[in-house]
Amino acid sequence: MDNVILRSENLRKEYRLSHDNSNCVIPGLGLEIRKGEFVVIMGNSGSGKSTLLYLLSGLEDLTGGQVYLKGNPIPAGQKGKAIMRRSLMGFVFQQHNLIPSLTLLENILVAAFLVHGDRKESKDKAVRLMGDLGIEKLHDRYPAQVSGGEQQRCSIARALVNSPEILLADEPTGSLNSSSTANVLQIFSSLHAKGQTIIMVTHAIEAACYGERIVYLRDGAIVDEYGILPDLTRTEKERDLLTWLTKKGW
Ligand SMILES: Nc1ncnc2c1ncn2[C@@H]1O[C@H](COP(=O)(O)OP(=O)(O)OP(=O)(O)O)[C@@H](O)[C@H]1O
Ligand SMILES: [Mg+2]
């Protein structure tokens, strides 16, 4: 129990459609994520993957249940939630959500300045991350002046600039070509090797095989879990995962 970093208990989400009609997307979900784990969430379109990620990170309000981060419930108020999220979580969105009027470096710094008083230290960290992600020559470019893969790497740098305890990524490679996809997944893999906790939503089998544990969602419920066997080759991992997913009705 000690190494559980994020835990949901009876998590429920209903979207209100009209005054007497609502849509229950997650009826009551329990999930435990251990520190250093690389967990992958899969499931058909509309099964609730993005909603679950938003609930776990406090980006969406819960209808019921609770999320515990390092044993403490996520604060109910928006301000407390934002403080917790900025300091402990990094979020990579499917669409990178960079601010168009800011350069890549400034986009990363905006996230850093919300948390840290020391601007020099934040800037050094942002510059270092851009180097690690291979976009060090693009500091002064605007998002529209770089490729989709470079935008996504910038959004990863933004997610990492405050050294989050948990990295959450919603289809981080969904809009990328195969070389950018491989690049982003290599970055996740090396972060994971250094102990980073990662929760990633993906529909891509090759991306999922970078993780350790697959959680399969159907109608907002976890129907099964699957452990990727670490000693297999990439092709074997992908073949076995596809077999498992097919049995789940994927
Ligand atoms: N604001 C909303 N109001 C009502 N229903 C919503 C709202 N947002 C999402 N939903 C519904 O909740 C369900 C789960 O949506 P979610 O975006 O979590 O699915 P997903 O598994 O991420 O799908 P995809 O693979 O297509 O991204 C869907 O049926 C969706 O229509
Ligand atoms: Mg989604």
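Helix 1 contributes three residues to the shell around ligand 1, the largest share of any element. The model is predicted. The shell consists of Tyr15, Asn23, Val25, Gly43, Ser45, Gly46, Ser47, Gly48, Lys49, Ser50 and Thr51. Two elements supply two or more of these residues: strand 2 (21–34) and helix 1 (49–56). By class, the shell holds eight polar residues, two nonpolar residues and one charged residue.

Helix 1 also packs on a sheet. The helix lies across strand 3 (38–43), strand 7, strand 8 (197–201) and strand 9. Relative to strand 8, helix 1 runs at about 150 degrees.

The sheet is open and has six strands, in the order 6-7-8-3-9-10. Pairing within this sheet is mixed. Strand 6 (89–92) and strand 10 form the edges. Each has a single partner strand, so one side of each lacks a neighbour in the sheet. From one strand to the next, the twist averages 20 degrees. At one edge, strand 6 pairs with strand 7 (residues 166–170) in the parallel sense, over four bridges. Within this pair of strands, Val92 stands opposite Ala169 of strand 7.

Gly220 sits in the loop between strand 9 (213–218) and strand 10 (221–227). This glycine is buried, because 21 other C-beta atoms lie within 10 Å and the cut-off for burial is 20 or more. Beyond its neighbours within four places in sequence, Gly220 contacts Val25, Ile26, Pro27, Leu29, Ser47 and Gly48. Gly220 and Pro27 are 193 residues apart along the chain, yet their C-alpha atoms are separated by 6.5 Å. Three of the contacts of Gly220, namely Val25, Ser47 and Gly48, are also listed in the shell around ligand 1.

The largest nonpolar core comprises 60 residues. Those touching the most other members are Ile41, Ile108, Ala126, Ala157, Leu168 and Ile199. Helix 3 (residues 104–113) provides the largest share of this core, with six residues. For Ile41, contacts other than those up to four places away in sequence are Lys49, Leu52, Ile199, Val201, Val215 and Leu217. Among these contacts, Ile199 is also one of the core residues touching the most other members. Lys49, another contact of Ile41, belongs to the shell around ligand 1.

Technical notes
Residues numbered from 1 in each chain as written. Chains lettered and ligands numbered in written order. Predicted model: local features only at pLDDT ≥ 70, side-chain atom pairs only at ≥ 80, totals over all residues. Core = buried A, V, L, I, M, F, W, Y, C linked by C-beta atoms within 7 Å. Buried ≥ 20, exposed ≤ 12 C-beta atoms within 10 Å, placed from the backbone. Contact = placed C-beta atoms within 7 Å. Near = placed C-beta within 6 Å. Nonpolar A, V, L, I, M, F, W, Y, C, P; charged D, E, K, R; others polar. Pairing = 2+ DSSP bridges. Axes fitted to C-alpha atoms, helices over the stretch in contact; angles between N-to-C directions.
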